[in-house]
Amino acid sequence: MPKGRDLALPFRIAAALLLVAIVTLTVLQVVFRFVLGSPLVWSEELARLAVLWMTFVGAIVCCWDGSHLRVSQLPTYLKGWLGRALYGVNGAVIIVFLAILAWTAIPIVEMAHRQNRGALSLPVSYYRSAAPVGAVLMIAYLGLRWWRLCRNRQTRVEVDQ
């Protein structure tokens, strides 16, 4: 994580709260179904919505921390400007991918807004919007991380050690 203020703290808290909600909903599902014999119809849908959003909120945190799955051998051996350049190219590729994800997901969210989901009667767009919102926020956090690391003249590997 870049040194300084943790700009991902609100997303860390949100991911933790979503995880607590998922566990609580799952336990309630089991208790109501098998102990009380009266299943909650809506709990599975709400847990699924929370899992989708937790995935993208957690990915935002990973972008800030630089902890996504990666192969880091080459940047370990490259020092100075060459390591920073490789890190920059890697970041640019990720940002382009996330921009394509966000751009192509917007029409899907618009179409999904006209459909409702089962017991909760929520528009399907509530589920689908996690991808473009998450992608845009990941781009923002990768850009902030990139700017902060370049300003401090550090490579990703130097920051994490």
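# Briefing: a predicted helical chain with two short strands

Asp65 is buried, at 17% relative accessibility. Its side chain nevertheless takes part in a salt bridge, with Arg12 as partner (2.6 Å, N to O). The model is a predicted one. The chain has 161 residues, and 33% of them count as buried. Its secondary structure comes to 7 helices and 2 strands.

**Salt bridges**

- The whole structure holds 3 salt bridges.
- Arg12 sits in helix 1 and Asp65 in helix 2, so their pairing ties together parts that are 53 residues apart in sequence.
- Arg12 also meets Asp6, side chain to side chain, at 2.7 Å from N to O.
- Asp6 is partly exposed, with a relative accessible area of 23%.
- Arg12 is partly exposed too, at 25%.
- The remaining bridge joins Arg48 and Glu44, at 2.5 Å from N to O.
- Arg48 and Glu44 are 4 residues apart in helix 2, so about one helical turn separates them.
- Arg48 is partly exposed at 38% relative accessibility, and Glu44 is partly exposed at 33%.
- Through shared partners, Asp6, Arg12 and Asp65 form one salt-bridge network.
- As a general point, side chains of opposite charge can pair when their charged atoms come close.

**Nonpolar core**

- The largest nonpolar core contains 19 residues.
- Phe11, Met138 and Tyr141 have the most contacts inside this core.
- Four helices each supply at least two core residues: helix 1 (9–35), helix 2 (43–65), helix 4 (81–112) and helix 6 (130–151).
- Helix 2 gives the most, with 7 residues.
- Beyond its neighbours within four places in sequence, Phe11 contacts Val57, Ile60, Val61, Leu137 and Tyr141.
- In soluble globular proteins, nonpolar side chains tend to be buried together.

**Nonpolar surface**

- A nonpolar patch of about 750 Å² lies on the surface.
- Leu19, Val23, Val27, Val30, Val31, Phe34, Val35 and Leu36 make this patch.
- Val23, one of the patch residues, is found in helix 1.
- Val23 is partly exposed, with 47% relative accessible area.
- Over the whole chain, about 9900 Å² is exposed, and carbon and sulfur atoms supply 71% of that area.

**Cysteines**

- A search of the whole structure finds 0 disulfides.
- Cys62 is in no disulfide, and the nearest cysteine sulfur, that of Cys63, is 7.2 Å away.
- A disulfide needs sulfur atoms within 2.5 Å, so the 7.2 Å between the sulfurs of Cys62 and Cys63 does not qualify.
- Cys63 is likewise in no disulfide, with the sulfur of Cys62 as the nearest cysteine sulfur.
- Cys62 counts as partly exposed, at 24% relative accessibility.
- Cys63 is buried, at 2%.

**Chain layout and long-range contacts**

- From the N terminus on, the elements run α-α-α-α-β-β-α-α-α.
- Among contacts with a separation of 6 or more, 73% are between residues 24 or more positions apart.

**Ser43, at the start of helix 2**

- Ser43 lies in helix 2, which spans residues 43–65.
- Ser43 is buried, with a relative accessible area of 0%.
- Leaving aside neighbours within four places in sequence, Ser43 contacts Leu25 and Gln29.

**Ala112, at the end of helix 4**

- Ala112 is in helix 4, which spans residues 81–112.
- Ala112 is buried, at 4% relative accessible area.
- Not counting residues up to four places away in sequence, Ala112 touches Pro123, Val124, Ser125 and Arg128.
- Ala112 and Tyr127 are 15 residues apart along the chain, and their C-alpha atoms are separated by 8.8 Å.

**Ser121, between the strands**

- Ser121 is found in the loop between strand 1 (116–117) and strand 2 (122–123).
- Its phi is positive, about 55°, although Ser121 is not a glycine.
- Ser121 is partly exposed, with a relative accessible area of 46%.

Definitions and conventions. Residues are numbered from 1 along each chain as its sequence is written. This is a predicted model: local features need pLDDT of at least 70, side-chain atom pairs count only at pLDDT 80 or more; totals for chains, interfaces and linings use all residues. Side-chain values use heavy atoms; hydrogens and water are left out. A nonpolar core is a set of buried Ala, Val, Leu, Ile, Met, Phe, Trp, Tyr and Cys residues joined through side-chain atoms within 4.5 Å. Buried means under 20% relative accessible area, exposed over 50%, partly exposed in between (1.4 Å probe, protein chains only). Contact means heavy atoms within 4.5 Å. Patches are made of residues with over 30% relative accessible area and no salt bridge: like charges are joined within 9 Å, nonpolar side chains (Val, Leu, Ile, Met, Phe, Trp, Tyr) within 5 Å. Accessible areas come from the Shrake-Rupley method with a 1.4 Å probe; for residues, only the protein chains shown count as cover. A salt bridge is a side-chain nitrogen of Lys or Arg within 4 Å of a carboxyl oxygen of Asp or Glu.
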